[in-house]
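The following note sets out several points on the structure shown below. Please read each point alongside the coordinates.

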Amino acid sequence: MRLKPFVSPYGIQQPWPVVEAPSQDLMLAQERPLSDTGQVVDGYAHFLHIDERARAVYVIEQGGLAGTTKAYGPLPLPRCTPAAETPETPPR
């Protein structure tokens with residue numbers, strides 16, 4: 001959810017690093033859609049790929065006028081922080 005505001009049918013809205021030599025598996029990753037092309041004829045669709053072993057996230061961008069595919073990342077995988085422990089109130 002935190003990456004959705006940065007992608008749209010018009011492309012990536014962040015200066016994310018581009019993967020120079022992405023693997024075929026990465027380029028075909030479409031397991032988690034982030035955005036679609038909407039009503040834009042030459043728009044982009046975006047998919048999220050999570051590499052849990054490397055603790056990294058990749059965004060795959062597909063579409064555009066020439067039908068390109070580009071991978072952005074690795075982006076850091078957010079980590080959930082444990083809830084703060086609250087001291088127990090002693091009985092009165």
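1. Ala-66 has a relative accessible area of 70% and is therefore exposed; the classes are buried (under 20% relative accessible area), exposed (over 50%) and partly exposed (in between), computed with a 1.4 Å probe and protein chains only. Ala-66 belongs to the loop between β5 (56-63) and β6. Its C-alpha lies 8.2 Å from that of Asp-42, with the two positions 24 residues apart in sequence numbering.

2. The model is a predicted one, in which local features need pLDDT of at least 70 and side-chain atom pairs count only at pLDDT 80 or more, while totals for chains, interfaces and linings use all residues. Residues are numbered from 1 along each chain as its sequence is written, and side-chain values use heavy atoms, with hydrogens and water left out.

3. The chain contains one helix and six strands, in the order β-β-α-β-β-β-β along the sequence. Helices (H or I, at least four residues) and strands (E, at least two) are DSSP runs numbered from the N terminus.

4. Which aromatic rings pair? The criterion takes rings of Phe, Tyr and Trp (its six-membered ring) with centres within 6.5 Å; planes under 30 degrees apart count as stacked, over 60 as edge-to-face and the rest as tilted. Two aromatic pairs result. In one, the ring centres of Phe-6 and Trp-16 are 6.2 Å apart and the planes stand at 70°, so the arrangement is edge-to-face. This pair joins distant parts of the chain, ten residues apart: Phe-6 is in the segment before β1 (7-8), and Trp-16 in the loop between β2 (11-12) and α1 (24-27).

5. The two partners differ in exposure class: Phe-6 is partly exposed at 29% relative accessible area, whereas Trp-16 is buried at 13%. Trp-16 also pairs with Tyr-72; their ring centres are 6.4 Å apart and their planes at 65°, so this pair is edge-to-face. Because Trp-16 sits in the loop between β2 and α1 and Tyr-72 in strand β6 (residues 68-76), the pair ties together parts 56 residues apart in sequence. Tyr-72, like Trp-16, is buried. Phe-6, Trp-16 and Tyr-72 make up one aromatic cluster.

6. For the chain as a whole, 36% of the 92 residues are buried. Among contacts (heavy atoms within 4.5 Å) with a separation of 6 or more, 40% involve residues 24 or more positions apart. The exposed area is about 6,800 Å², of which carbon and sulfur atoms supply 55%; accessible areas come from the Shrake-Rupley method with a 1.4 Å probe, and for residues only the protein chains shown count as cover.
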